[in-house]
Amino acid sequence: MIHASRARWQPSRQLLELDRHPEALDVSNRIRSRRARYLFDREELQLNRSPILEHWSQPFDPFRLQNRGRPEFVLAVKEAHWFPRQGRLEASGPLRGSRQEGASASKPATPMQTLRASALQGNTRQQLFTLFGPVQVRDSSRGLTLLARQLVIDGPSTTIRTAQPRPGQEPTSLMGTNVSAGVSHKRLNGSGGCLLLQRQDSLEAEACQWNWRDQTLQATGNVVLRRQEQQQESRGFLLVGSLGEQGRFRLSAPGGRVISRFQAPQAPTPSPPPPRRARPGRP
């Protein structure tokens, strides 16, 4: 459904111009902007005045007025092109967004996660969206930051995963992403490249997958886990774990090895024994 407070129809151009709160809805999404235009011959909706993209995990009837609750994803972009019949969506950035599960009778609202990217391509029917980098996903409640060259938001499986970069895409620099000085000059290489930061610890790999429902994590390919505690550094092929408050991880390499090194705490120096007293009556 596409509607606005004012519209101008130009039959010769197969064009419908919309302003004053135009918006378009399907069963899971809403796209709104200050102005929009619909091209009938291409079945394309163009939005170029501060578009906002919203996604709900629970489907709804777009032709009925109802309380849909808070959207799970909200994305602000510079320009958007939506082909509603196929579901294809293209948006140019800078892109800024947030994700938060709404409260229900059985559980409270989850902490908000924020994301940034340079562009987006996806499909609203399939609920698959690719974010082009540098991409940053932050969860301030857990002190987590995920940085990547390219990420896919997979709605049906509730996961965020790295994706193959576009041909000719340069390695992504982390400069300007507000991360700690120790990694601010790193560059993500490899097939996809991802870097996960939690407070003073870091995890780097060629590919990552993060489930935002249960906070499980999987990292593969040249995995390097660094912990500030005891200056620990572990390397392997596969890491699986969960992103809890303390970030519990388990590093494994099926058919291979896990190499870890750390600095053991120094044992305290024992104090010298007290001097022995001579017994009475003896020299």
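This passage describes unusual backbone geometry in a predicted model.

Two peptide bonds that lead into proline were found to be cis. The first to be described joins Gly93 to Pro94. Its omega angle is near 15°. Pro94 does not sit in a loop; its place is in strand β11, which covers residues 88–99. The other cis bond links Gly133 and Pro134. Here omega is about 5°. Pro134 also belongs to a strand, namely β13, made up of residues 128–139. In each case, then, a glycine precedes the proline across the cis bond, and the proline lies within a strand.

Positive phi angles were found in two residues that are not glycine. For Ser50, phi is about 55°. Ser50 is placed in the loop between β7 (44–47) and β8 (52–55). Its relative accessible area is 48%. Ser50 therefore counts as partly exposed, because this value falls between the 20% and 50% cut-offs.

For Gln215, phi is near 65°. Gln215 lies in the loop between β20 (207–211) and β21 (216–227). Its relative accessible area is 7%. Gln215 is therefore buried, because buried means under 20%.

Both residues with positive phi thus occupy loops between strands. Their surroundings contrast: Ser50 is partly exposed, whereas Gln215 is buried.

Technical notes: Residues numbered from 1 in each chain as written. Predicted model: local features only at pLDDT ≥ 70, side-chain atom pairs only at ≥ 80, totals over all residues. Heavy atoms only, no water. Helix = DSSP H or I, 4+ residues; strand = E, 2+ residues; numbered from the N terminus. Buried < 20%, exposed > 50% of the residue type's maximum accessible area, 1.4 Å probe, protein only.
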